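Here is a friendly tour of helix packing and empty space in one protein model. Please keep the viewer open as you read.

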Amino acid sequence: MGSFVGNENKELYTCRGTHYNEAINNFRKRRWEVMVISDMFLKEKGKSWVFTGGSAAAGRFAENEGRRGCAGLFEEVIRWDMAMDSMAARERFVFNTARPGLNAVDIVEEFGRRAACYHPQGVVYISGSEDEALAEEVLQGALGEMERLAEEIGAGFLCIKYQGDSLQTANAILKETGARPSLVTYEDRNRFALRPARQVFEKAGNLKLKQGPMRWLFIGDSITHGALHTYGFDSLPQLWEKYIREDWGREDDVVLNVGVSSATAEEFLGRLDVRYYPYSDADVVVAMFGTNDCVISDVQAFREQLVQIGRIIEAKGSQLVLRTPPLVKPGAAQRAVALPAFAGAVREAAAELGVILIDHEKHLGELRQKSQEGWEAGMNDDVHPNAAGQYWMFRELAYGLDLVKGQSMVSLEYM
């Protein structure tokens, strides 16, 4: 997509950032009079949001460690805190296509692959340090063009300046879009501390990386969704986004998390038009069901549903990874009794499909045998892992896919 400023002239518009604040403020005053996007929360379908920008929007591990960035904090509010019991409201997906080093001019030039291709109903641009080098008129022009491009695809557009940390910025975005503030506190963000990791896992298969950017699609239930139980720390898909972009240097890879709390394999098959087909060009699909299925479904029917999901994904040419559901505590009652058989069904489905299996149930069982206290330290309640449990599963995924880098995020764990 062409830019309103030609690439050959871009150097003429840099190193004049003294009016950065004025450029952002003037643009925001102008556009807010004509565009409000809070009505997105009333829509039943087509509610996805794209966050984009430079380093501030990217929310890297280097700056935030395992604490959620702006997009992740925003996502938890709009598709959990504000969703109540509505499954459709939990489908307000939030994707982050930001990359350190990009400014507003760059995003305009790449708007097609940074935003439009996801057909969002809302585009949020977080302006950070990269924009400070742009002249005021160039920055305002880029923001105006970005807004026009968003309106062209039927999306609301919001530009906001980075507020100094991800929580403060997320709350500013939530306020301006008509949402409630995050329930995460600064005290929550100090609940977990990193230490050198001790546990290693075996390789489960070979996952092929493309030379160019890849899309990673995560599907599943509340444990994939990752809301509430991590207290503002990353879920596995969010950790994977940081890991693959930073430690593997794949800065343009995009992680799409369409896990939905309370989902089952059968329910997912009934929502393919929302949760799968719009993103079926994903290079890798990572799926985990069973935690809810085991209390409402027959184990054989569940196995057949997983195979059906696998065949659909296989037909689209994606690499599929199946995950067994993690252990639950005895207090989970029927789940605690039924879940092992459903984990077995996942293993059988993976074998029939010939795909990679990440066996959380097996490895967490081994941890529980060694240390009941160590295993329980990764749980937030009887069913859901906390941030430490999510980090454990992230590390297991990296080992299982044979994508381990020395002295990286995989070298760490929470205590």
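Contact here means heavy atoms within 4.5 Å. Helices (H or I, at least four residues) and strands (E, at least two) are DSSP runs, numbered from the N terminus. This is a predicted model, in which local features need pLDDT of at least 70, side-chain atom pairs count only at pLDDT 80 or more, and totals for chains, interfaces and linings use all residues. Residues are numbered from 1 along each chain as its sequence is written, and side-chain values use heavy atoms, with hydrogens and water left out.

**Two helix pairs**

Let's begin with helix 4 and helix 8. Cys70, Leu73, Phe74, Val77 and Ile78 of helix 4 meet Ser166, Leu167, Thr169, Ala170, Ile173 and Leu174 of helix 8. By class, this contact has nine nonpolar, two polar and no charged residues (Ala, Val, Leu, Ile, Met, Phe, Trp, Tyr, Cys and Pro count as nonpolar, Asp, Glu, Lys and Arg as charged, and the others, Gly among them, as polar).

The axes of helix 4 and helix 8 (residues 166–176) come within 8 Å and cross at roughly 45°. Axes are lines fitted to C-alpha atoms, for helices over the stretch in contact, and angles run from 0 to 180 degrees between N-to-C directions. Helix 4 and helix 8 are therefore oblique to each other; angles under 35 degrees count as roughly parallel, over 145 as roughly antiparallel, 65 to 115 as roughly perpendicular and the rest as oblique. Helix 4 passes helix 8 in a right-handed crossing, where the near helix is turned clockwise from the far one by less than a right angle (anticlockwise would be left-handed).

How do helix 10 and helix 18 cross? The axes of helix 10 (residues 236–247) and helix 18 (residues 387–400) come within 9 Å, at roughly 50°, and the crossing is right-handed. On the helix 10 side the contact is made by Leu236, Leu239, Trp240 and Tyr243, and on the helix 18 side by Gln390, Tyr391, Met393, Phe394, Leu397 and Ala398. Nine nonpolar, one polar and no charged residues make up this contact of helix 10 with helix 18.

**Empty space**

On a 1 Å grid over the protein atoms alone, a cavity is a set of points where a 1.4 Å probe fits but cannot get out, and a pocket is an open set with protein on both sides within 12 Å along at least five of seven lines; lining residues have an atom within 4 Å of a point. Grid points are joined across faces, edges and corners, and a volume is the space filled by probe spheres set on the points. By this rule there are five cavities of 30 Å³ or more.

| Space | Volume | Lining by class |
|---|---|---|
| Largest cavity | about 210 Å³ | eight nonpolar, six polar, four charged |
| Second largest cavity | about 90 Å³ | three nonpolar, one polar, seven charged |
| Largest pocket | about 420 Å³ | 14 nonpolar, six polar, four charged |

Of the 18 residues lining the largest cavity, Ala71, Gly72, Asn96, Gln238 and Glu241 are the closest to its centre. Among the elements that give two or more residues to this lining are helix 4 (70–81) and helix 10. Helix 10 also supplies the largest share of the lining of the second largest cavity, four residues. Glu241, Lys242, Arg245 and Glu246 are among the residues of that second lining.

The largest pocket has 24 lining residues, and the closest to its centre are Arg195, Leu367, Gly374, Trp392 and Glu413. Helix 18 gives the most to the lining of the largest pocket, with six residues.
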